[in-house]
Amino acid sequence: MRALNERILESHEDYIAAWLRGMFDGDGYVRRSTTAPQVVISAWHKGPNRKIRDALLRAGIPTNVTPNAHDGRDGNIVITGIEFLRRFANRVYAEHPAKRAALDLMLDDLASRETSSSRFDSIAAGGTLLRARSSIGMGQRGFRRGHAVSGYERGLHAASRTSFQSVVEEIDT
């Protein structure tokens with residue numbers, strides 16, 4: 001078993017998916033949410049955490065490393081974005097009955113959605129946004145989600161492409 005674990009990244013994608021399924025069944029969960037669904041696998045030790053991330057990437061499922069994870073203060077591997085959540089559910093799935101049911105419910109939740117607020121599709125355009133809204137005399141309170149616009153403008157976080165488009169549409173109307 002140890003030899004398989006050491007060479008998993010060199011294996012066929014079906015074996016990688018099965019290995020990931022075991023990791024998810026043992027230390028993962030689904031976070032159902034209408035706005036930000038996630039699949040999470042917990043791996044607090046750097047070596048296994050890196051191996052799981054690399055295996056997910058081999059399966060076409062990228063993840064990002066938060067500053068807390070980089071510093072060893074967070075061991076959760078978080079999969080976000082409609083495309084990658086669907087890919088996880090379809091390629092990796094679960095053997096554990098409760099986790100399989102949770103994945104199925106998440107897929108049902110995602111069935112009607114076409115866009116995603118994934119961190120992998122972000123736009124850092126806070127300065128541009130500030131200049132655009134200022135040029136027409138629009139304040140942050142003029143936005144449906146003014147608090148988010150404030151965060152984008154101050155560089156606290158980058159807007160997803162979908163979120164940025166909705167802000168631009170509010171400026172245009």
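A crossing of two helices is called left-handed if the near helix is turned anticlockwise from the far one by less than a right angle. That is how helices H7 and H9 cross here, in what is a predicted model. Besides that helix pair, there's an open sheet of three strands to look at, plus helix H5 with its buried residues.

**The H7–H9 pair**
- Two packed helices are described by the angle between their axes and the distance between the axes.
- For H7 (residues 126-135) and H9 (residues 161-172), the axes come within 10 Å and the crossing angle is roughly 15 degrees.
- Angles under 35 degrees count as roughly parallel, so H7 and H9 are roughly parallel to each other.
- On the H7 side the contact is made by Leu 129, Ala 132 and Arg 133, and these meet Phe 164, Val 167 and Ile 171 of H9.
- Sort the residues of that H7–H9 contact by type and you get five nonpolar, no polar and one charged.

**The sheet**
- The strand order is S1-S2-S3, and the pairing is antiparallel.
- S1 and S3 sit at the edges, each pairing on one side only.
- Ignoring direction, neighbouring strands in this sheet are turned by 20 degrees against each other on average.
- S1 and S2 make a hairpin, with six residues between the two strands, and four bridges join them.
- Within that pairing, Val 30 has Val 39 of S2 as its bridge partner.
- S2 and S3 are also linked by four bridges, again in the antiparallel sense, and here Val 40 stands opposite Val 78 of S3.
- Helix H2 packs on the sheet and touches S1 and S2, its direction making about 85 degrees with that of S2.
- Helix H3 packs on the sheet too, touching S2 and S3, but its direction makes about 15 degrees with that of S3.

**The two faces of S1**
- In a regular strand the side chains alternate between the two faces of the sheet.
- In S1 (residues 28-31), Gly 28 and Val 30 are on the covered face, while Tyr 29 and Arg 31 are on the uncovered one.

**Helix H5 and its surroundings**
- H5 spans residues 82-91, and its buried residues are Ile 82, Phe 84, Leu 85, Phe 88 and Ala 89.
- What do the buried residues of H5 pack against? Their partners are helices H2 (13-27), H3 (46-58) and H6 (97-110), along with strands S2 (38-42) and S3 (76-79).
- Just after H5 comes a backbone detail to check in the viewer: Tyr 93 takes a positive phi of about 60 degrees.

Key:
Residues numbered from 1 in each chain as written. Predicted model: local features only at pLDDT ≥ 70, side-chain atom pairs only at ≥ 80, totals over all residues. Heavy atoms only, no water. Buried < 20%, exposed > 50% of the residue type's maximum accessible area, 1.4 Å probe, protein only. Contact = heavy atoms within 4.5 Å. Pairing = 2+ DSSP bridges. Axes fitted to C-alpha atoms, helices over the stretch in contact; angles between N-to-C directions. Parallel < 35°, antiparallel > 145°, perpendicular 65-115°, else oblique. Nonpolar A, V, L, I, M, F, W, Y, C, P; charged D, E, K, R; others polar.
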